[in-house]
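Dear colleague,

I am passing the structure below on to you, and after it I set out what was found in it. Please read the notes with the structure open beside them.

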Amino acid sequence: MAKKPSFACNDCGNITTKWSGRCEACGAWNSIAEDAGLSSSGPAKVGLGTVRGRAVQLTNLSTEEAPPPRTLSGLNELDRVLGGGLVPASATLVGGDPGIGKSTLLLQAAAQFANVGLKTIYVSGEESSAQIRMRALRLGLTDAPVQLAAETNLRDILTTLEIEKPQLAIIDSIQTMWSDSVGSAPGSVAQVRAAAHELTSFAKRVGMAVILVGHVTKDGQIAGPRVVEHMVDTVLYFEGERGHQFRILRAVKNRFGPSDEIGVFEMTGMGLAQVTNPSALFLSERGTPSPGSVVFAGVEGTRPVLVELQALVAPSPHSQPRRTVVGWDGGRLAMILAVLEARVGIPFTGLDVYLNVAGGMKITEPAADLAVAAALLSAREDAALPAETVVFGEISLSGALRPAPQTENRLKEAQKLGFTGALAPAGGKGVSVKGIALNQMSDLTAFVGDVFGAG
């Protein structure tokens, strides 16, 4: 009797017996695909029966065990995002848009790890070994002792890894790998899940670190079942705008370090160059301060980063004004506009609003609220803020200002780059940094009155 097909949701993993356009468990659209399972043979139910399995060794929580030694690559930005270096027997998933530089970054990382003594194998399922060598020649990495392979058969790859016993294996990409024990096509939900499971299990068993490259969907999420992100120890996103040379490596999951750390790179003719001072680079193209331009003192992970927020407010010729945002959350912009109108009495009705984070940076922390409000008011009133002033703070729906964490680190970064003033919420621990005049306000009305003389 033929086995009935089953279907799985890529987002939540819910299993159904028939396909539908919308998942009944999580409500996601177009996320259901056929699931062939990890194996097409074997008993339907597994129990003790007459054949017992092996006993599992148990240990106490208080058992003393030395932490695994980390390996530093020499790429400080990469080591920072990994949590302080590469951990043995770890699995890392790197995702990013096509052409953003994932293969370039990992080839440079493979060369660096190989040069410090780590036996490294780079397996590509998308390019031939000759193509990888051409890229290495362009990047000046031909002297690195990295072993190359071009293969997509998972069984052959695992056999090679078992024979060679590398300390680091890079698989580019997981969507091109296929297992002969799964009947579906490469890139399907079942194949991606099976390949990720086999590679991660092998890495844990033999003590090898593995880095998997993952394609992303049009929504920016790593393609395939979300269970792959749960299998691995670290999930990194490599992001950036094609019109800018900056690239951001962002950790969204990390079992060995901060989960919101970033590393900044610059795309050059010789590959990706590290940016040791991203604040200076993001502000390097900032000219004479103009209305709508505000410098936000943000924090990404443990690193303070200064970026420029640009706003433009203009009369709208349409009945429905535009709200366009690049690098920030559009829903949060709508909230800021509503608070300004309801709590301060400054309407934006009939006005088009455009907000941009300069340099291709993406900001997610709520501490950018006050800087966004300042940029919007500056653009609306056609009044530029002082050139050497940074702004940060969170705005509540009541119009009150909430202090941002790591205030001292933000101010120190601003002082290091030559800023002399800061606008921030009142409250929190008393913080003072030499050379920075800190102006603190309790609510949005006081902020508008002090900075723009109204409210």
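**Leu-82 and the two cores**

Leu-82 counts as buried, because its relative accessibility is 6%, where buried means under 20% relative accessible area, calculated with a 1.4 Å probe on protein chains only. The model is predicted, so local features need pLDDT of at least 70 and side-chain atom pairs count only at pLDDT 80 or more, whereas totals for chains, interfaces and linings use all residues. Residues are numbered from 1 along each chain as its sequence is written, and side-chain values use heavy atoms, with hydrogens and water left out.

Leu-82 sits in the loop between α1 (76-81) and β4 (91-96), helices (H or I, at least four residues) and strands (E, at least two) being DSSP runs numbered from the N terminus. Neighbours within four places in sequence aside, Leu-82 is in contact (heavy atoms within 4.5 Å) with Arg-70, Thr-92, Leu-236, Asn-254 and Phe-256.

The largest nonpolar core, a set of buried Ala, Val, Leu, Ile, Met, Phe, Trp, Tyr and Cys residues joined through side-chain atoms within 4.5 Å, has 63 residues, and Ile-363 and Phe-296 are among those with the most contacts inside it. Helix α9 (residues 369-381) gives the most to this core, with 9 residues. Domain 2 (76-276) and domain 3 (281-452) both contribute residues, so this core lies between them; the domain bounds come from an automatic or database domain assignment. Apart from it lies another core, of 33 residues, which include Leu-75, Leu-82, Leu-236 and Leu-272.

With best regards

Note on methods:
Buried < 20%, exposed > 50% of the residue type's maximum accessible area, 1.4 Å probe, protein only.
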